[in-house]
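The following questions ask how terms are assigned in a protein structure. Each answer sets a value against its definition.

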Amino acid sequence: MFALSLGDDGAELRPLEPRHAEEYLAHIDRGREYIGQYIALSDRATDLASATAFLQSYADKAAADSGRLYGIWTDGVLVGGVLFRTFDAASGNCEVGCWLEEAAVGRGLITRAIRVLIDWAVEERGMHRVEWIASSSNTASINVAKRLGMVRDGVLRESNPYRGVRHDMEVWSVLAQEWRERRASGR
């Protein structure tokens with residue numbers, strides 16, 4: 001198994017697998033309200049069986065090369081994660097996403113972890129386009145897309161019904177050449 005350092009603060013990026021279901025559920029329970037503000041992730045893990053099923057769904061996606069799931073650990077504690085929600089090697093398109101419990105916010109963990117994912121997708125897997133989709137109300141998520149140098153493609157107005165409210169969803173993206181140029185310039 002691998003663990004990639006996300007910097008000198010002890011944060012690590014590791015595969016998040018079904019064997020982590022208990023730890024994942026404890027993490028979701030700690031951050032359920034905060035995580036659930038904009039995404040349904042916390043609604044999908046309400047007990048050990050549903051947490052295991054969710055993690056297994058991403059193990060299955062990884063086996064089919066259609067998605068992947070990684071956890072972010074700080075000081076040995078799972079505090080969030082990043083994922084390839086979709087991954088289509090044939091078309092060269094993928095979508096990255098994230099979540100984080102409130103106690104870990106403000107440390108740049110998501111930005112650092114998503115950089116690792118984009119680097120791998122572009123350089124190792126030949127992805128042409130990496131997307132980021134977030135609620136227009138989710139300022140923190142949109143700020144990550146900006147820090148990553150993504151371009152706002154547009155807004156899908158009231159496209160996401162979530163908890164009784166229709167949310168505008170922003171689509172951001174970076175193309176492989178843009179990513180390479182950005183990385184080469186040190187940004």
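Q: What makes S1 and S7 the edge strands of the sheet?
A: Eight strands form an open sheet of mixed pairing, in the order S1-S2-S3-S4-S5-S6-S8-S7. Strand S1 (4-5) and strand S7 (151-162) each pair on one side only, and are therefore its edges, since two strands pair if DSSP finds at least two bridges between them. Strands (E, at least two residues) and helices (H or I, at least four) are DSSP runs numbered from the N terminus. This is a predicted model, in which local features need pLDDT of at least 70, side-chain atom pairs count only at pLDDT 80 or more, and totals for chains, interfaces and linings use all residues. Residues are numbered from 1 along each chain as its sequence is written, and side-chain values use heavy atoms, without hydrogens and water.

Q: How do you know that S4 and S5 pair?
A: Strand S4 (residues 77-88) and strand S5 (residues 93-100) share eight bridges in the antiparallel sense, so the requirement of at least two is met.

Q: Why is the contact of Arg183 and Asp119 called a salt bridge?
A: A side-chain nitrogen of Lys or Arg must lie within 4 Å of a carboxyl oxygen of Asp or Glu; the N to O distance here is 3.0 Å, so the term applies. The pair joins helix H5 (residues 176-184) to helix H3, 64 residues apart.

Q: Why is Arg183 called partly exposed?
A: Its relative accessibility is 35%. Buried means under 20% relative accessible area and exposed over 50%, with partly exposed in between (1.4 Å probe, protein chains only), so Arg183 is partly exposed. Asp119, at 23%, is likewise partly exposed.
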